[in-house]
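Here is a short set of exercises to work through with the viewer open. Try each task yourself before you read its solution.

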Amino acid sequence: MNKIALILGGGVGSRMQQDIPKQFLTVNDCPVIIYTMQAFQNHPEIDVIAAVCLEGWENVLKAYARQFNITKLKHIVKGGDNRQSSSRIGLYELEKYYAPGDIVLIQDGNRPLTSAKIISDCIAVTQKYNCACAAIPCADVMMKTEDGVISAEQYPRDKLKVGQTPRGFFLGKVCDVHRRALKAGITDSIGSHTLMMEMGEPVYLYPGAEKNFKITTVEDIEIFKALLNSEKPKYLK
């Protein structure tokens with residue numbers, strides 16, 4: 001059974017408001033997407049890395065992969081119009097080379113601090129339940145609002161989880177769900193795990209981590225750089 005990491009790096013990063021897509025911004029002379037790939041490159045259970053890349057940046061990604069010795073990177077495909085189509089394009093490409101019973105871990109390209117334990121847990125939960133999604137408890141108060149200004153109601157946070165990646169699936173199963181979703185007219189779902197839910201399939205959660213955050217803003221770059229240079233205080237258990 002192959003374990004394949006599918007890295008989603010097809011976004012333009014409009015919220016970052018930079019001239020370079022956020023996944024290609026460098027921190028300590030290394031692009032964010034390479035940090036993400038290194039987590040899977042260094043994991044002993046991952047056999048193959050594939051990437052969905054922003055159009056026009058494919059050769060840049062190949063060059064970075066060579067420079068940083070990402071030897072498991074075997075497939076690069078051009079991204080689609082949104083996250084659902086980019087995931088579908090990547091998954092359908094993998095179908096050409098790998099078996100339905102192989103496991104694919106879908107990962108945000110701009111989530112560079114995914115730990116080895118999270119990857120291992122994703123594989124284990126996928127093997128047991130067919131579908132796995134990293135998640136962390138919701139620590140803040142969730143307030144409902146209709147206009148973004150006024151709130152008179154909160155949602156119980158103990159019933160909420162914050163989803164992260166990687167999300168694990170059997171390749172044949174997730175490709176089938178994408179095909180069923182297209183037939184049902186679903187074309188802009190947030191992720192393959194939400195497609196699973198929309199198509200009546202359960203999603204099994206496993207623990208993520210606060211450090212496993214997605215870089216979306218300039219402030220996130222600052223936080224990432226600080227975490228790279230930080231050490232856990234010895235007095236903390």
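The exercises below cover aromatic contacts, a strand and a pocket in this predicted model.

**Exercise 1.** Classify the ring pair F24 and W57 by its geometry, then place both residues in the chain.

*Solution.*
- Step 1: Start with the search of the whole structure, which finds 5 aromatic pairs.
- Step 2: F24 and W57 are one such pair, with 4.7 Å centre to centre and 25° between the planes. Planes under 30 degrees apart count as stacked, and this pair is stacked.
- Step 3: F24 lies in the loop between β1 (3-9) and β2 (26-27), while W57 lies in the loop between β4 (48-53) and α2 (58-67). The two are 33 residues apart, and the pair links distant parts of the chain.
- Step 4: Now check accessibility. F24 counts as buried because its relative accessibility is 3%; W57, at 24%, counts as partly exposed.

**Exercise 2.** Do the same for Y97 and Y98, and find which charged end sits over the ring of Y92.

*Solution.*
- Step 1: The rings of Y97 and Y98 are 6.3 Å apart centre to centre, with 55° between the planes, and the pair is tilted.
- Step 2: Y97 has 49% relative accessibility, so Y97 counts as partly exposed. Y98 has 16%, so Y98 counts as buried.
- Step 3: Over the ring of Y92 you will find the charged end of R179, 4.7 Å from the ring centre.

**Exercise 3.** Describe how strand β6 (residues 103-108) is covered and which strands it is joined to.

*Solution.*
- Step 1: Count the buried residues: 6 of the 6 in β6 are buried.
- Step 2: Split β6 by face. I103, L105 and Q107 are on one side, V104, I106 and D108 on the other, and both faces are covered.
- Step 3: Look at β1, which runs parallel to β6 and is joined to it by 6 bridges. L8 has D108 as its bridge partner in β6.
- Step 4: Turn to β10 (residues 161-170), which runs antiparallel to β6 with 4 bridges between them. Here V104 stands opposite F169.

**Exercise 4.** What is the volume of the second largest pocket, and how does its lining divide by class?

*Solution.*
- Step 1: The volume of this second largest pocket is about 160 Å³.
- Step 2: List the lining residues: Y35, Q38, P112, L113, T114, S115 and L228.
- Step 3: Sort the lining by class, which gives 4 nonpolar, 3 polar and no charged residues.

Conventions:
Residues are numbered from 1 along each chain as its sequence is written. This is a predicted model: local features need pLDDT of at least 70, side-chain atom pairs count only at pLDDT 80 or more; totals for chains, interfaces and linings use all residues. Side-chain values use heavy atoms; hydrogens and water are left out. Rings of Phe, Tyr and Trp (its six-membered ring) pair if their centres lie within 6.5 Å; planes under 30 degrees apart count as stacked, over 60 as edge-to-face and the rest as tilted. Buried means under 20% relative accessible area, exposed over 50%, partly exposed in between (1.4 Å probe, protein chains only). A charge sits over a ring if NZ of Lys or CZ of Arg is within 6 Å of the ring centre and within 35 degrees of the ring normal. Two strands pair if DSSP finds at least two bridges between them. On a 1 Å grid over the protein atoms alone, a cavity is a set of points where a 1.4 Å probe fits but cannot get out, and a pocket is an open set with protein on both sides within 12 Å along at least five of seven lines; lining residues have an atom within 4 Å of a point. Grid points are joined across faces, edges and corners, and a volume is the space filled by probe spheres set on the points. Ala, Val, Leu, Ile, Met, Phe, Trp, Tyr, Cys and Pro count as nonpolar, Asp, Glu, Lys and Arg as charged, and the others, Gly among them, as polar.
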